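Reader: I would be grateful for a close examination of the ligand site in this model. Please explain each term as it arises and then place the site within the chain.

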Amino acid sequence: MDIYQIRPFHIDDYDAVFALWRETEGVGLSQADERPAIARYLDRNPGLSFVATMHSRIIAAVLCGHDGRRGFIHHLAVQAEYQKQGIGQALVERCVDALRQEGIDKCHLFVYATNANARTFWRRLDWQPRDDLVLMSKMIR
Ligand SMILES: CC(C)(COP(=O)(O)OP(=O)(O)OC[C@H]1O[C@@H](n2cnc3c(N)ncnc32)[C@H](O)[C@@H]1OP(=O)(O)O)[C@@H](O)C(=O)NCCC(=O)NCCS
C-alpha cells in the first residue's frame with residue numbers, strides 16, 4: 001500500500017469528508033452534519049478530529065470531541081478500497097491520544113446495532129459494548 005498520512009480535520013476538508021461519509025455504509029447522516037454544524041463541532045473540539053490522506057486525497061475521516069467529562073467518537077469511515085489496512089485503527093489511536101492529552105479518561109461512541117463489521121472492528125480494538133445502557137434521544141427544536 002502507498003503511504004498514507006494522518007492530519008487534523010480542517011473545515012476546508014468538509015466537501016471531501018462529507019462525500020466519503022455519504023458513500024460509506026454504516027455512517028448515519030443528518031442535519032447535524034451540514035457544514036455549519038461540523039464547523040462548530042471542529043471549533044469546539046480543536047485538534048481532536050482527523051483525516052487520512054493518500055496523494056493529498058482524503059481516504060478516511062473521524063470526528064472526535066469531548067464535553068469536559070467524556071470523549072465521543074463519531075463517523076469513523078475508511079474508503080472501501082482502503083479498509084482492513086490499519087487506517088481505521090490508526091485514526092482511533094490519534095483520537096484517543098488527543099483525548100488523553102485533554103485529561104479525558106473515557107470515550108463513548110455509537111454504532112448501529114446492525115453494523116456487524118463495525119462492531120467487530122471496535123471489539124477488536126478492545127471497546128466494550130454496554131448492555132447496561134439504552135441510548136435515548138429527543139428532538140428539542
Ligand atoms: C469500520 C471501519 C472504520 C474499520 O476501518 P479499517 O481501516 O478497515 O480497520 P483496520 O484495518 O484498522 O482494522 C483494525 C482491526 O479490526 C479488524 N477488522 C476491521 N474491519 C473488520 C471486519 N469487517 N471484520 C473483521 N475484522 C475487522 C481488522 O482485521 C484489524 O484487526 P487485526 O489487527 O487483528 O488485523 C471501516 O470498515 C469502515 O469505514 N466501515 C464503514 C463505516 C462504518 O461502519 N464506520 C463505523 C461507524 S461506528
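Author: For the classification of residues, Ala, Val, Leu, Ile, Met, Phe, Trp, Tyr, Cys and Pro count as nonpolar, Asp, Glu, Lys and Arg as charged, and the others, Gly among them, as polar. On that basis, the shell around the ligand comprises ten nonpolar, ten polar and three charged residues. The model is a predicted one, in which local features need pLDDT of at least 70 and side-chain atom pairs count only at pLDDT 80 or more, while totals for chains, interfaces and linings use all residues. Residues are numbered from 1 along each chain as its sequence is written, and side-chain values use heavy atoms, with hydrogens and water left out.

The shell holds 23 residues, a residue being near the ligand if one of its heavy atoms lies within 4 Å of it. The closest are L76, K84, G86, N115 and R124.

Three side chains merit individual attention for their polar contacts (a pair of N or O atoms within 3.5 Å; within protein, one must be able to donate a hydrogen and the other to accept it, and residues adjacent in sequence count only if both atoms are side-chain atoms). An N or O atom in the side chain of R124 is 2.4 Å from an oxygen atom of the ligand. The side chain of N115 places a polar atom 2.7 Å from a ligand oxygen atom, and N117 has a polar side-chain atom 3.3 Å from a ligand nitrogen atom. On its own the ligand has 910 Å² of accessible area, and the protein covers 79% of this (Shrake-Rupley method with a 1.4 Å probe; for residues, only the protein chains shown count as cover).

The elements giving two or more residues to the shell are β4 (71-78), α3 (87-101) and α4 (116-124). Helices (H or I, at least four residues) and strands (E, at least two) are DSSP runs, numbered from the N terminus. The largest share comes from α4, with six residues.

Two backbone details belong to this account. H75, in strand β4, has a positive phi of about 55 degrees although it is not a glycine. H75 is buried, with a relative accessible area of 19% (buried means under 20%, exposed over 50%, partly exposed in between; 1.4 Å probe, protein chains only). D126, in the segment after α4, likewise has a positive phi, near 80 degrees, but D126 is exposed at 61%.

As for the setting, the chain has four helices and five strands, in the order β-α-α-β-β-β-α-β-α from the N terminus.
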